[in-house]
Amino acid sequence: MLVIGSHVGFNKDSQLVGSVKEALGYNANTFMFYTGAPQNTKRSGIDDGLTLEAYNLMKENGIKLEDVIVHAPYIVNLANKTDIDKYSFSKRFLKEELNRCELLGMKYLVLHPGSHVGQGVEVAIQNIADALNEVLEGSKVIVLLETMAGKGTEVGRNFEEIKSIIDKVVHKDKIGVCLDTCHLNDAGYDVNSFDKVLDEFDKVVGLKYVHCIHINDSKNPCGSHKDRHENIGYGTIGFDSMIKIIYNDRLKNIPKILETPWIGDYPPYKEEIESIRNKKFNDKLKED
Ligand code: FE
Ligand code: FE
Ligand code: ZN
């Protein structure tokens, strides 16, 4: 079955209930959320009453708890140790975030590996792995390393870097990968031949590590290292290739999450999900 949803909000008043309601409004059967704003680390306490209410709503509507994804905020950077205060803060915040995920009953937390900020990839990979080994000790939640576009000094811009991090992580059952189609394209992988990309991933890392896919078209050509998401069918990947990726048999049952841009002040997820389910491009989404 196609498991598809989008990034949704999570605010302190309605918490998971609000997230589920938003997802249902898009006719989604999963969703991804940040436990607060994506850009900052301000977080409030989890209300168990709201969580239980959300569970009931999910059950009634066929959303499985294990398909729901949490995303860590962007400013967590485990790659760079030159500012030791920032590195320590990132570790501490991530540990708290894993606790929040556990309180909410969430299985997966997506994490950007980080940026090395001039220290070099090798040092960065060791820093990331050291931090992960610390925070994953005793964790019930699985951290999914996201494949990155290679913007600036981002680590995780190819499968080899992801593999090097996983190799150094002690608890292999607590680590996985989130593929992002825009990032793969921008990193230089030809997602138009997606089976070849999966072959490559399987050879280097192992497909069993993939537990989430961010489905985004890209504003930029393959290998551009830009990371600017585009609505499905409106970018350089194109509708047909996106459909082939989304319906690829090897990724069946793996949650697919849209992180495509809003159109003005409107989140287009209901329309995009519908066009994906119908396999029919919606050319009315954007009037250019
Ligand atoms: Fe991400
Ligand atoms: Fe992503
Ligand atoms: Zn991105």
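Biologist: Is Lys 140 buried or exposed in this structure?

Modeller: In this predicted model, Lys 140 is exposed, as its relative accessible area comes to 60%. The cut-off for that word is over 50%.

Biologist: Which side chain does Lys 140 meet in a salt bridge?

Modeller: The general idea is to look for a side-chain nitrogen of Lys or Arg within 4 Å of a carboxyl oxygen of Asp or Glu. Here the partner of Lys 140 is Glu 102, at 3.2 Å from N to O. Lys 140 sits in the loop between helix H4 (121-135) and strand S5 (142-146), while Glu 102 belongs to helix H3 (residues 84-103), so this salt bridge ties together parts 38 residues apart in sequence. Glu 102 itself is partly exposed, with 33% relative accessibility.

Biologist: Happy to follow that one. How many salt bridges does the structure hold?

Modeller: There are 15 salt bridges. One of the pairs is Lys 174 with Asp 173, whose closest N and O atoms are 3.4 Å apart.

Biologist: And which of these words fits Lys 174, buried or exposed?

Modeller: Good thing to check! Buried requires a value under 20%. Lys 174 is buried, at 15% relative accessible area, whereas Asp 173 is exposed, at 52%.

Biologist: Which residue does Glu 230 meet in a salt bridge?

Modeller: That would be Lys 286, with 2.6 Å between N and O. The pair links distant parts of the chain, 56 residues apart: Glu 230 is in strand S9 (residues 229-230), and Lys 286 is in the segment after helix H9 (269-278). Glu 230 is buried, with a relative accessible area of 8%.

Biologist: Which residues are linked in a network of salt bridges?

Modeller: Look at Arg 43, Glu 97 and Arg 100, which are joined in such a network.

Biologist: Let's turn to the metals. Which residues are the protein donors of the zinc ion (ligand 3)?

Modeller: To read a site like this, look for N, O and S atoms within 2.8 Å of the metal. For the zinc ion (ligand 3), the protein donors are His 183 through NE2, Asp 227 through OD and His 229 through NE2, at 2.0 to 2.3 Å. Along the chain, their spacing reads H-x43-D-x1-H. His 183 lies in helix H6 (residues 181-187) and His 229 in strand S9, so the pair links distant parts of the chain, 46 residues apart. Both His 183 and His 229 are buried.

Biologist: How far apart are the zinc ion (ligand 3) and the iron ion (ligand 1)?

Modeller: The zinc ion (ligand 3) lies 5.3 Å from the iron ion (ligand 1).

Terms used
Residues are numbered from 1 along each chain as its sequence is written. Chains are lettered from A and ligands numbered from 1 in the order in which they are written. This is a predicted model: local features need pLDDT of at least 70, side-chain atom pairs count only at pLDDT 80 or more; totals for chains, interfaces and linings use all residues. Side-chain values use heavy atoms; hydrogens and water are left out. Helices (H or I, at least four residues) and strands (E, at least two) are DSSP runs, numbered from the N terminus. Buried means under 20% relative accessible area, exposed over 50%, partly exposed in between (1.4 Å probe, protein chains only). Donors are N, O and S atoms within 2.8 Å of the metal (3.2 Å for Na, K and Ca); water is not among the atoms, so sites may look incomplete.
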